[in-house]
Amino acid sequence: GDTGDRYYLIVAGDVAFTIDGHPIRVLGADHSFGEIALLRDVPRTATATAATEVELIAVSRDEFLVSVTGHPRSLGTASDVADTWLRSS
């Protein structure tokens, strides 16, 4: 439910995701998260917790939105990804 202010790329380790305390998925290296809150301007939809030692790259909201929304194809792809995550959670 927090406000989304960053997009995260997982460089190493595993991140576990829960909704209302219920496990929904674990993501590892080469995955990312945080796009839904940024693209949809909604509170975070899940809680992310490091399941192992994790190395992340954090991209600020403004940098993410400029990069993604600056080109129609990338915006469409990002929106499709966000929609897929929302349907599967």
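# From exposed loops to buried cores

With a relative accessibility of 75%, Asp30 counts as exposed, because the cut-off for that class is over 50%. The structure discussed here is a predicted model. Asp30 sits in the loop that joins β3 to β4, and its backbone has a positive phi of about 75° although the residue is not a glycine. Such a value deserves mention, because most residues other than glycine have a negative phi. A positive phi is also found at Asp41, again a residue that is not a glycine, with a value of about 50°. Asp41 belongs to the loop between α1 and β5. Its relative accessibility is 59%, so Asp41 too counts as exposed.

A further loop aspartate is Asp14, located between β1 and β2. Here the relative accessibility is 30%, so Asp14 counts as partly exposed. Leaving out residues up to four places away in sequence, Asp14 touches Val26, Leu27, Gly28, Thr49, Ala50, Ala51, Thr52 and Val54. For one of these partners, Leu27, the C-alpha to C-alpha distance from Asp14 is 5.6 Å, at a separation of 13 residues in sequence.

The discussion now turns from the loops to the interior. In soluble globular proteins, nonpolar side chains tend to be buried together. The largest nonpolar core of this model has 10 residues in all: Tyr7, Ile36, Leu38, Leu39, Val59, Phe64, Leu65, Val68, Ala78 and Ala82. Three helices each contribute at least two residues to this core, namely α1 (35-40), α2 (61-69) and α3 (72-88). A second core, separate from the largest one, has 5 residues, among them Ile10, Val15, Phe17 and Phe33.

Two alanines illustrate how the largest core is connected. Ala82 is in contact with Ile36, Leu39 and Arg40 when neighbours within four places in sequence are set aside. Ala78, which is placed in helix α3, has a relative accessible area of 13% and is therefore buried. Beyond residues up to four places away in sequence, Ala78 touches Leu39 and Val68. Between Ala78 and Ile36 the C-alpha to C-alpha distance is 8.8 Å, across 42 residues of sequence.

In the second core, Val15 offers a useful point of reference. This residue is part of strand β2, and it counts as buried because its relative accessibility is 4%. Its contacts, not counting residues up to four places away in sequence, are Ile10, Arg25, Val26, Leu27, Phe33, Ala48, Thr49, Ala51 and Val54. By contrast, Val15 and Ser67, 52 residues apart in sequence, are separated by 24 Å from C-alpha to C-alpha.

The aromatic residues add another set of links. A pair of aromatic rings is described by the distance of the centres and the angle of the planes. Across the whole structure, 3 aromatic pairs are found. In one of them, Tyr8 and Phe33 are stacked, with 5.1 Å from centre to centre and 20° between the planes. Tyr8 lies in strand β1 (residues 6-12) and Phe33 in strand β4, so this pair ties together parts that are 25 residues apart in sequence. The two partners differ in exposure class: Tyr8 is partly exposed at 21% relative accessibility, whereas Phe33 is buried at 13%. Phe33 also pairs with Phe17; the ring centres are 5.1 Å apart and the planes lie at 75°, so this pair is edge-to-face. It links distant parts of the chain, since Phe17 is in strand β2 and Phe33 in strand β4, 16 residues apart. Phe17 and Phe33 are both buried. Together, Tyr8, Phe17 and Phe33 form one aromatic cluster.

The last feature is an open space in which some of these residues reappear. Rolling a probe the size of a water molecule over the atoms shows where empty space is left. The largest pocket contains about 500 Å³ of space. Of the 30 residues lining this pocket, Phe17, Phe33, Arg44, Ala46 and Ala48 lie nearest its centre. Two or more lining residues come from each of β2 (15-19), β3 (22-27), β4 (32-33), α1, β5 (47-50) and α3. Sorted by class, the lining comprises 16 nonpolar, 9 polar and 5 charged residues. Phe33 thus appears in the second core, in the aromatic cluster and among the residues nearest the centre of the largest pocket.

Terms used:
Residues are numbered from 1 along each chain as its sequence is written. This is a predicted model: local features need pLDDT of at least 70, side-chain atom pairs count only at pLDDT 80 or more; totals for chains, interfaces and linings use all residues. Side-chain values use heavy atoms; hydrogens and water are left out. A nonpolar core is a set of buried Ala, Val, Leu, Ile, Met, Phe, Trp, Tyr and Cys residues joined through side-chain atoms within 4.5 Å. Buried means under 20% relative accessible area, exposed over 50%, partly exposed in between (1.4 Å probe, protein chains only). Contact means heavy atoms within 4.5 Å. On a 1 Å grid over the protein atoms alone, a cavity is a set of points where a 1.4 Å probe fits but cannot get out, and a pocket is an open set with protein on both sides within 12 Å along at least five of seven lines; lining residues have an atom within 4 Å of a point. Grid points are joined across faces, edges and corners, and a volume is the space filled by probe spheres set on the points. Ala, Val, Leu, Ile, Met, Phe, Trp, Tyr, Cys and Pro count as nonpolar, Asp, Glu, Lys and Arg as charged, and the others, Gly among them, as polar. Rings of Phe, Tyr and Trp (its six-membered ring) pair if their centres lie within 6.5 Å; planes under 30 degrees apart count as stacked, over 60 as edge-to-face and the rest as tilted.
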